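Work through the exercises below with the model open. Try each task before you read its solution.

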Amino acid sequence: TCTRPPGGKPCRTLALAEYVPEAVAAPTVDLTRLDLGAGVKGLEFGVVVSKDTRQASVSQPLLLSDAREVLAVSAAPMLLSGRGGAPPSTAKGAVVVNAGEDVLAVEGAYPLSVTSAKWTLTGPGISQENDLWASDALVVPAGFDGASFVLQLNAGRGVSLLKSGSTYTLTLSAVDLRGVQGVASMDLFANFPPSPGTVAGAPLQGFAYSDLMGVSCLDW
């Protein structure tokens with residue numbers, strides 16, 4: 001008979017032999033010392049297990065990009081409206097913005113060798129090439145080129161730009177003197193307005209300077 005050992009893994013036994021745990025092979029490879037060479041886009045790791053005259057093998061391909069061919073680009077968001085500071089985020093990491101209210105500033109970072117940096121905003125109902133908001137200085141006062149991007153959702157066409165409950169993607173693309181590219185992006189989630197609360201007053205009629213009126217706001 002064979003009973004499962006602690007941890008729940010199935011045991012493998014020979015007749016009258018005790019449980020023997022599975023062997024684990026965990027090689028470590030320092031990728032900083034690898035030279036992929038021209039045209040090489042990955043590696044393949046393999047393991048061969050032998051016992052007597054029997055063998056078993058398995059391999060795992062790994063796709064790799066040469067870090068020297070990718071620019072280090074990043075972007076950090078900050079609210080210029082309300083209390084300011086870093087904006088909240090959803091459980092999935094999307095930046096939460098209030099449509100029709102917030103002013104979002106994003107600062108990009110990239111190497112000094114970059115010659116071109118451009119921002120793009122995509123999402124439901126947005127076409128940066130054809131929509132009038134993209135040329136509205138009230139909505140994008142800093143434009144789409146350079147390290148800084150500002151999106152004013154409380155002015156001009158920005159008030160109705162984002163749809164509540166929808167997710168949009170803001171992307172910074174950079175290119176350096178050698179033509180090497182780098183990209184950084186973040187998701188923007190357009191927050192819902194407060195709902196579905198109620199406001200009630202009691203009594204609904206009274207006399208000024210004498211009656212006490214009460215108002216309650218519930219379930220917001």
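Strands here are DSSP runs of E with at least two residues, numbered from the N terminus. The model is predicted.

**Exercise 1. Backbone outliers**

Task: Where does Asp52 lie, and is Asp52 buried or exposed?

Solution:
- Step 1. Place the residue. Asp52 sits in the loop between β1 (42–51) and β2 (54–63).
- Step 2. Read the backbone. Asp52 is not a glycine, yet its phi is positive, about 60°.
- Step 3. Check the accessibility. Exposed means over 50% relative accessible area. Asp52 has 72%, so Asp52 is exposed.

**Exercise 2. The loop between β10 and β11**

Task: Which peptide bond involving Pro203 is cis, and what is the phi of Tyr209?

Solution:
- Step 1. Locate both residues. Pro203 lies in the loop between β10 (198–202) and β11 (214–218). Tyr209 is in the loop between β10 and β11 too.
- Step 2. Inspect omega. The bond joining Ala202 and Pro203 is cis, with omega about -10°.
- Step 3. Inspect phi. Tyr209 has a positive value of about 70°, although Tyr209 is not a glycine.
- Step 4. Add the accessibility. Tyr209 reaches 90%, so Tyr209 counts as exposed.

**Exercise 3. Aromatic geometry**

Task: Classify the pair formed by the rings of Trp133 and Phe144.

Solution:
- Step 1. Count the pairs. The structure holds 3 aromatic pairs.
- Step 2. Apply the geometry. The ring centres of Trp133 and Phe144 are 5.8 Å apart, within the 6.5 Å limit. Their planes meet at 70°, so the pair is edge-to-face.
- Step 3. Map the pair onto the chain. Trp133 and Phe144 both belong to the loop between β6 (114–122) and β7 (148–152), 11 residues apart.
- Step 4. Check burial. The cut-off is under 20%. Trp133 has 3%, so Trp133 is buried. Phe144 has 11%, so Phe144 is buried as well.
- Step 5. Widen the view. Trp119, Trp133, Phe144 and Phe149 form one aromatic cluster.

**Exercise 4. A serine and its partners**

Task: Which residues does Ser81 contact, leaving aside its neighbours within four places in sequence?

Solution:
- Step 1. Place Ser81. The residue lies in the loop between β3 (74–79) and β4 (95–98).
- Step 2. Test burial. Ser81 has a relative accessible area of 11%, so Ser81 is buried.
- Step 3. List the contacts. Ser81 touches Glu101, Asp102 and Val103.
- Step 4. Examine the side chains. A polar contact of 3.1 Å joins those of Ser81 and Asp102.
- Step 5. Compare sequence and space. Ser81 and Glu101 are 20 residues apart along the chain, and their C-alpha atoms are separated by 7.8 Å.

Notes:
Residues numbered from 1 in each chain as written. Predicted model: local features only at pLDDT ≥ 70, side-chain atom pairs only at ≥ 80, totals over all residues. Heavy atoms only, no water. Phe/Tyr/Trp six-rings, centres within 6.5 Å; stacked < 30°, edge-to-face > 60°. Helix = DSSP H or I, 4+ residues; strand = E, 2+ residues; numbered from the N terminus. Buried < 20%, exposed > 50% of the residue type's maximum accessible area, 1.4 Å probe, protein only. Contact = heavy atoms within 4.5 Å. Polar contact = N/O pair within 3.5 Å; in protein donor to acceptor, adjacent residues only side chain to side chain.
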